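This report covers the internal spaces of one protein model and one packing contact between helices. The sequence and structure come first.

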Amino acid sequence: MTQRAVVLLFGGRSSEHSISCATAGGVLGAIDREKWRVIPVGITRDGAFVLEEDDPAKFALDPSKLPEVVDNGSRIRWPESVLSRELRVVDEQGERSLGEIDVVFPILHGPWGEDGTVQGLFELIGLPYVGNGVLASSLGMDKHYTKTVLEAAGIDVAPWVTVSPQQWRNDHDLWHRRAEGLGLPVFVKPARAGSSVGVTKVTAWDQLDGALETAWAHDGKALIEQAMVGREIECAVLAGRDGGAPRVSVAGEIVVTGREFYDFEAKYLDDSAVDLVCPADLRDEELAAMQRVAARAFEAIDGSGLARVDFFFTGTDFIVNELNTMPGFTPISMFPKCWIASGVSYAELIDELLELGLETVR
Ligand SMILES: Nc1ncnc2c1ncn2[C@@H]1O[C@H](COP(=O)(O)OP(=O)(O)OP(=O)(O)O)[C@@H](O)[C@H]1O
Ligand SMILES: [Mg+2]
């Protein structure tokens, strides 16, 4: 078997730096070494590309010490043009070649990683990469545009209003009436964030201004969204091979207990507050309906590679909350869990993503 070279790219400038490192630890520990030569490249919190150690244990998720990419002084030199696939590194020993690379696997979350920017870099220098392209990544990052595109494709989303601080102040009564049209309660959230930061549940209209200020602290646009009543169901999508239809996993469910909603604390700090149940208890026809909506949503944003699609299931309808174009991918995250429950192991999933990255025509 010819061995191919993959750059595993992780860390990054966003607040999800450590989660990305933990994923890297999982991937380094599970990837098929006979098939893939792995070059670990870390991005420091300041955005420097450094050659990292190939050590799964170094990046294990330890609550007392979150893993991170520390600047070790080395610097990665990406290929100079589309005519070259050669990766180089400069460190205290001088400059040397790391050989030709076949594909990049960016496992970055949030801004400068999941939003199309790093994907643009690989387009510019002509390197194949895993996952979503520029358009799907930037759409997925922005909840307003995700919903706009989904709605245009006839996919159910929660009714919403998007507003900037300028619009709110200049035409307060008009925007307030639009918000009131949604009915209480509403959820207020930044258009581009993640991990539930800046998200508030508003149960009385006098809380709305405060909730908007909280959301605007994270982004210049805030969404005011009608609260959906139902179960939180998620599933994992893999692009089809050879131009085939997207493949959709079984469903997972977020069961939140003792908290108002799936907020930041429930996600990362209070593991007694939430259960990730997979497979979720759905009837066959409900699962089939969810899988159809997930595949359509993935196609609507022009997805490639993978995505996690998050829903509110009202008991009759699957309302799409959002798509994550580089979902959490540690061995215990929902995305791999959904595939494991569908019969695809973590190692097989990594392999499949790399093969898809190699075959995707951008
Ligand atoms: N319209 C809504 N109706 C009911 N609950 C909601 C609504 N919007 C958000 N929530 C609750 O708030 C949580 C976080 O909201 P959302 O998923 O939009 O934020 P996020 O920051 O994008 O999270 P992620 O880390 O998944 O990207 C949801 O999981 C859900 O519990
Ligand atoms: Mg979410």
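The text below takes the cavities, then a pocket, then a helix pair.

The model is predicted. It encloses 2 cavities of 30 Å³ or more. Their volumes and the classes of their lining residues are set out in the table, together with the volume and lining of the second largest pocket.

| Space | Volume | Nonpolar lining residues | Polar lining residues | Charged lining residues |
|---|---|---|---|---|
| Largest cavity | about 60 Å³ | 4 residues | 6 residues | 1 residue |
| Second largest cavity | about 30 Å³ | 3 residues | 6 residues | 1 residue |
| Second largest pocket | about 400 Å³ | 9 residues | 8 residues | 5 residues |

**Cavities**

The wall of the largest cavity includes Pro106, Leu108, Gly113, Glu114 and Gln119. Val130, Gly131, Asn132 and Ser137 also line the largest cavity, as do Thr325 and Met326. Of these lining residues, 6 are polar, 4 nonpolar and 1 charged.

The second largest cavity is bordered by Gly11, Gly12, Arg13 and Ser14 on the one hand, and by Leu108, His109, Gly110, Pro111, Trp112 and Gly113 on the other. Its lining has 3 nonpolar, 6 polar and 1 charged residues. Leu108 and Gly113 occur in the lining of the largest cavity and again in that of the second largest cavity.

**Second largest pocket**

The second largest pocket has a volume of about 400 Å³, and 22 residues line it. Lying nearest its centre are Ala239, Gly303, Ser304, Gly305 and Thr360. Two or more lining residues come from each of α3 (134–141), α9 (284–300) and α11. With 3 residues, α3 gives the most to this lining. By class, the lining of the pocket comprises 9 nonpolar, 8 polar and 5 charged residues.

**Packing of α1 on α11**

Helix α11, which spans residues 346–359, also takes part in a helix contact. Its partner is α1, residues 17–30. The axes of the two helices are 9 Å apart and meet at an angle of about 95 degrees, which means that α1 is roughly perpendicular to α11. From α1, the contact uses Thr23, Gly26, Val27 and Ala30; from α11, Tyr346, Ala347 and Ile350. The residues of this contact are 5 nonpolar and 2 polar, with no charged residue. Helix α11 thus appears both in this contact and in the lining of the second largest pocket.

How values were computed
Residues numbered from 1 in each chain as written. Chains lettered and ligands numbered in written order. Predicted model: local features only at pLDDT ≥ 70, side-chain atom pairs only at ≥ 80, totals over all residues. Heavy atoms only, no water. 1 Å grid on protein atoms, 1.4 Å probe; cavity = no way out; pocket = protein on both sides within 12 Å on 5 of 7 lines; lining within 4 Å. Points joined across faces, edges and corners; volume = space filled by probe spheres on them. Nonpolar A, V, L, I, M, F, W, Y, C, P; charged D, E, K, R; others polar. Axes fitted to C-alpha atoms, helices over the stretch in contact; angles between N-to-C directions. Helix = DSSP H or I, 4+ residues; strand = E, 2+ residues; numbered from the N terminus. Parallel < 35°, antiparallel > 145°, perpendicular 65-115°, else oblique. Contact = heavy atoms within 4.5 Å.
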